[in-house]
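Me: I'm new to this one, and I'd like to understand the labels as well as the values. Could you walk me through it?

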Amino acid sequence: MARRAVKITAWPGIMAAAFVAALILGTLLAVALRAEAGRGLGPSEWAAIRFTIWQALWSATLSVALAIPVAKALARRRFPGRSLLIALLGAPFILPVIVAVLGLLAVFGRSGIINVALGWAGLPEVSIYGLHGVVLAHVFFNLPLATRLILQGWQQVPAERFRLAAQLGFGPREMWRIIEAPMLRRVAPPAFAVIFALCVSSFAVALTLGGGPKATTVELAIYQAFRFDFDLGRAALLSCVQLILVGSAALVALRLSGQQGFGAGLDRPVKRWDTGGYGRGVLDGAAIICTALFLILPLSIVVVDGLMGLGRLPTQLWHAAWVSLLVSLGSTALVVLLALPIAIAAASRHGWLEAAGLLGIAASPLVIGTGLFILIYPVADPFDLALPVTALVNAVMALPFALRVLVGPIRDVVSDYGRLSASLGLGGWAWLKLILFPRIRGGLGFACGLTAALSMGDLGVIALFADPETATLPLQMYRLMGSYRMEAASGAALLLLVLSFGLFWAFDRGGRRRAET
């Protein structure tokens with residue numbers, strides 16, 4: 001009843017959700033109708049599908065398997081810098097993919113640290129390109145995500161369970177069988193499904209580290225069919241396959257995420273009694289140190305090399321940085337215009353509207369970009385609309401994350417202040433300005449920062465539509481890497497890294513600072 005105490009106009013949210021649904025489903029329909037009837041998948045397409053599924057399975061399996069000991073160590077150990085390390089685990093999510101790839105090349109590439117060390121030892125070099133390179137990059141991005149998800153599962157086990165286990169004298173085997181294994185059966189499968197979906201739809205990693213006949217993903221095959229062969233029928237058919245793969249993984253993740261937990265506790269601080277023993281300490285320390293080095297070393301090299309390469313940046317790169325900044329801010333503005341009305345309506349009486357915003361999880365940006373190209377091509381030159389289309393698609397891709405951040409706080413505001421607002425006659429803009437906005441500024445700033453950072457580092461739709469004059473900073477950086485101008489590419493990587501994290505910090509800090517005043 002409290003939610004209905006204040007009258008909230010739902011039609012802006014309904015219109016925004018309808019626009020998002022029409023954009024995603026309309027482009028998917030355009031792609032499906034463009035697919036040539038009777039033309040099946042050829043050997044190259046089946047090879048791309050097999051490689052996509054295979055690398056996604058390997059990436060998700062390794063990410064989750066490696067995350068379990070790291071999350072376990074973080075859950076039962078307290079040490080200086082622990083909270084900073086846990087915060088660092090969230091950084092790869094907003095890290096531009098092309099920057100991380102350059103860092104991985106500096107460590108594992110032909111002239112990287114690993115191969116230099118192998119050369120000194122008289123051992124053969126290793127190549128980062130192909131299946132193992134794609135899997136390595138995906139593990140770099142998704143190991144922190146899997147660790148955060150599994151760590152959250154450990155933290156949700158009530159402290160009373162660990163206290164009772166200590167009183168009963170549980171050893172490592174009993175702890176695993178009664179507490180840890182049931183928790184992992186609940187947390188690990190949805191984490192695996194989410195990471196599998198992310199790896200299936202990954203584009204920039206496959207573009208830079210794969211791309212050969214034996215290392216082409218469906219997403220990359222769509223790009224090649226569209227950009228190089230201009231075969232819209234083949235691109236459309238592959239887009240439908242992409243939707244089925246990603247949508248199936250997203251549905252599995254959604255279904256697995258509702259499993260029952262361990263129940264409620266008394267919210268006491270979790271104290272672990274199973275941390276004793278020199279061997280356990282060594283294993284936990286090794287897991288934490290190796291993970292920290294794996295994440296920090298590539299980024300550190302990017303920063304050091306970037307400082308030396310800033311003076312070698314070509315002039316057009318600064319223009320590309322300005323273009324990326326405009327696209328990023330445009331995407332952020334679009335997310336606010338779409339997410340706020342949908343979240344407000346979903347938090348009042350229309351919870352089903354959130355599903356429309358979450359459609360972006362199942363759709364690939366290249367699929368939407370291909371559909372928009374098909375729709376625009378008969379009436380206008382799609383390449384003239386590269387930047388607005390990129391901003392729009394980036395906003396739709398970030399919308400699910402913004403809704404996850406905003407719906408909960410808005411629902412709490414409606415529940416806590418609904419009756420009071422109604423008794424004071426507050427409604428419409430006055431309620432938004434005086435009641436809602438001051439209490440969601442922190443979440444809104446975080447959502448805007450996340451959107452801006454993701455859009456700033458995106459190398460997806462712009463690769464379909466861009467020409468040399470409208471290239472973004474990630475695309476220009478990829479072109480520098482393709483021409484083996486690695487010093488300039490390192491400088492561009494540092495610039496992109498600073499802009500991405502700077503935008504995230506500015507929006508997030510701005511929202512939290514206003515919320516505190």
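Me: What makes the side chain of Asn 115 and the backbone nitrogen of Val 126 a polar contact?
Reply: A polar atom of the Asn 115 side chain lies 2.8 Å from that backbone nitrogen of Val 126. A polar contact is a pair of N or O atoms within 3.5 Å; within protein, one must be able to donate a hydrogen and the other to accept it, and residues adjacent in sequence count only if both atoms are side-chain atoms. The distance of 2.8 Å therefore fits the 3.5 Å limit. Please keep in mind that this is a predicted model, where local features need pLDDT of at least 70 and side-chain atom pairs count only at pLDDT 80 or more, while totals for chains, interfaces and linings use all residues. Residues are numbered from 1 along each chain as its sequence is written, and side-chain values use heavy atoms, with hydrogens and water left out.

Me: Why is Asn 115 called buried?
Reply: Its relative accessibility is 2%, and buried means under 20% relative accessible area, exposed over 50% and partly exposed in between (1.4 Å probe, protein chains only). So Asn 115 counts as buried.

Me: Where does Asn 115 sit, and what does it touch?
Reply: Asn 115 is in helix H6, residues 113-120; helices (H or I, at least four residues) and strands (E, at least two) are DSSP runs, numbered from the N terminus. Not counting residues up to four places away in sequence, Asn 115 touches Phe 108, Gly 109, Arg 110, Glu 125 and Val 126, where contact means heavy atoms within 4.5 Å.

Me: What else is in contact with Phe 108?
Reply: Leu 136 is, along with its contacts to Ile 128 and Phe 294, leaving aside neighbours within four places in sequence. Leu 136 belongs to helix H7, residues 131-155.

Me: Why is Leu 57 called partly exposed?
Reply: Leu 57, in helix H2 (residues 43-76), has a relative accessible area of 34%, so it is partly exposed.

Me: What makes the nonpolar surface patch that includes Leu 57?
Reply: Trp 54, Leu 57, Trp 58, Leu 62 and Leu 66 make this patch of about 460 Å². Patches are made of residues with over 30% relative accessible area and no salt bridge: like charges are joined within 9 Å, and nonpolar side chains (Val, Leu, Ile, Met, Phe, Trp, Tyr) within 5 Å. The 34% of Leu 57 therefore passes the 30% mark.

Me: How do you know that Asp 458 has no salt bridge?
Reply: A salt bridge is a side-chain nitrogen of Lys or Arg within 4 Å of a carboxyl oxygen of Asp or Glu. For the buried Asp 458, the nearest side chain of opposite charge, Arg 479, is 13 Å away. Asp 458 is found in the loop between helix H19 (428-456) and helix H20 (461-465). Its contacts, leaving aside neighbours within four places in sequence, are Asn 394, Thr 472 and Pro 474.

Me: Why is helix H21 described as largely enclosed by the rest of the structure?
Reply: Seven of the ten residues of H21 (residues 473-482) are buried, so the description fits. Among them are Leu 473, Pro 474 and Gln 476. Just after H21, Tyr 484 takes a positive phi of about 60°.

Me: What makes Leu 473 buried, and which residues does it touch?
Reply: Leu 473 has 0% relative accessibility, so it counts as buried. Not counting residues up to four places away in sequence, Leu 473 touches Leu 317, Ala 320, Ala 321, Ser 324, Ala 492, Leu 495, Leu 496 and Leu 499. Leu 473 and Ala 321 are 152 residues apart in sequence and 5.0 Å apart in space, C-alpha to C-alpha.

Me: Why is Gly 311 called exposed?
Reply: Its relative accessibility is 77%, so Gly 311 counts as exposed. Gly 311 is found in the loop between helix H13 (278-309) and helix H14 (315-348).

Me: How many helices and strands does the chain have, and what share of its residues is buried?
Reply: The chain has 22 helices and zero strands. Of its 517 residues, 52% count as buried.

Technical notes:
Areas by Shrake-Rupley, 256 points an atom, 1.4 Å probe, with all protein chains shown as cover. Lys, Arg positive; Asp, Glu negative; His and termini not counted.
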